[in-house]
Amino acid sequence: GQVKTMDLDYRLNRVGTLETKESVTVKAEAEEKVVGIFFEEGDVVEAGQLLVKLDDAKVKATTNQLKARLRQLNLQLANSERTLERKRPLVEEDLVSKQDFDDLETKLEIEKATIKEIKAQLDHNRELLKDSEVCAPFPGVTSELQVSIGDFLGIGDPVVRVVQLNPLEISFRVDEQY
């Protein structure tokens, strides 16, 4: 006889369990009240999709106050710089006291430092605004919603579970003889 190569089809029927590769409980990153829920349990969501909105009214109000203060300080700084430049030659001619000039320089440095501080506070507020939005960390399906509108959340409180569906893994037992 002649030796031939051919595919053998051998089937083994087993019960398996579908398992997700990744699932995560999304947690709150801010202390605030829940004002919006934008999904229902079982919804398919995209990475970065807004799931829950926390109240950001206080942060927005503070941001507006800081922006107004920043505009005011920038005007003051521009005026202080013009005054300083006008007085610089007068100090050299002793028409303005050195003390007055030094005081003006100090005022200008304080204004610059305050502007820097306000810009840092605005950066911090931008982070707080981001933290008021709870978003999906990856594409998947939502399950186990753990909040309702009106709930007050603390940092680290669980909000919702997101389960990754692609890829799924299947696990099943195979007897040693197979």
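Is E32 buried or exposed? Select E32 in this predicted model and check its surface: E32 is buried, at a relative accessible area of 14%. The cut-off for that label is a relative accessible area under 20%, so 14% qualifies E32 as buried.

**Stop 1: around E32**

E32 sits in strand β3, which covers residues 32–37. Show everything in contact with the residue, leaving out its neighbours within four places in sequence. The list is L54, D55, K58, D151, F152 and L153. Keep L153 selected, since the next stop uses this residue.

**Stop 2: the nonpolar cores**

L153 belongs to the largest nonpolar core, which has 17 residues. Select L51, V52, L153, V159, V160 and V162 together; these touch the most other members of that core. Colour strands β5 (50–54) and β9 (158–163), as each of them supplies at least two residues of the core. A second core, separate from this one, has 13 residues. To find the second core, select L66, L70, V96 and F101, which are among its members. As background, nonpolar side chains in soluble globular proteins tend to be buried together.

Go back to V159 and list its contacts, again not counting residues up to four places away in sequence. V159 touches V26, K27, A28, V52, V134, E144, L145, Q146, V147 and L153. V52 and L153 in that list are also among the core residues named above.

**Stop 3: E144**

From V159, move to its contact E144. E144 lies in the loop that runs between β7 (140–143) and β8 (152–153). What is the phi of E144? It is positive, about 55°, although E144 is not a glycine. E144 counts as partly exposed because its relative accessibility is 43%.

**Stop 4: helix α2**

Select residues 98–131, which make up helix α2, and pick out E111 within the helix. E111 has a relative accessible area of 4% and is therefore buried. Which residues does E111 touch? Beyond four places in sequence, they are L73, Q76, L77 and S80. With S80 there is also a polar contact between the side chains, at 2.9 Å.

Next, select E117, also in helix α2. Unlike E111, which is buried, E117 is partly exposed, with a relative accessible area of 49%. Draw a distance from E117 to L153, C-alpha to C-alpha: the two are 29 Å apart in space and 36 residues apart in sequence.

Continue along helix α2 to D123 and R126, which are three residues apart, about one turn of the helix. Their side chains form a salt bridge, with 2.3 Å between N and O. D123 is partly exposed at 42% relative accessibility, and R126 is partly exposed at 47%.

**Stop 5: more salt bridges**

How many salt bridges does the structure hold? There are eleven. Besides the one in helix α2, two others are worth displaying.

Select K53, D56 and K60, which are linked in a network of salt bridges. Within the network, the side chains of K60 and D56 meet at 3.6 Å, N to O. K60 is partly exposed, with a relative accessible area of 44%, whereas D56 counts as buried at 13% relative accessibility.

Then select R11 and D9. The closest N and O atoms of this salt bridge are 3.4 Å apart. Here R11 and D9 are both exposed.

**Stop 6: Y10 and the surface patch**

Between D9 and R11 in the numbering is Y10. Y10 lies in the segment before β1, the strand at 17–20. Y10 counts as exposed because its relative accessibility is 63%. Select Y10 with L12, I170, F172 and V174: these residues form a nonpolar patch on the surface. Together they have about 520 Å² of accessible area.

Finally, draw a distance from Y10 to E92. How far apart are the two in space, C-alpha to C-alpha? The distance is 101 Å, for a separation of 82 residues in sequence.

Notes
Residues are numbered from 1 along each chain as its sequence is written. This is a predicted model: local features need pLDDT of at least 70, side-chain atom pairs count only at pLDDT 80 or more; totals for chains, interfaces and linings use all residues. Side-chain values use heavy atoms; hydrogens and water are left out. Patches are made of residues with over 30% relative accessible area and no salt bridge: like charges are joined within 9 Å, nonpolar side chains (Val, Leu, Ile, Met, Phe, Trp, Tyr) within 5 Å. Accessible areas come from the Shrake-Rupley method with a 1.4 Å probe; for residues, only the protein chains shown count as cover. A salt bridge is a side-chain nitrogen of Lys or Arg within 4 Å of a carboxyl oxygen of Asp or Glu. Helices (H or I, at least four residues) and strands (E, at least two) are DSSP runs, numbered from the N terminus. Buried means under 20% relative accessible area, exposed over 50%, partly exposed in between (1.4 Å probe, protein chains only). A polar contact is a pair of N or O atoms within 3.5 Å; within protein, one must be able to donate a hydrogen and the other to accept it, and residues adjacent in sequence count only if both atoms are side-chain atoms. Contact means heavy atoms within 4.5 Å. A nonpolar core is a set of buried Ala, Val, Leu, Ile, Met, Phe, Trp, Tyr and Cys residues joined through side-chain atoms within 4.5 Å.
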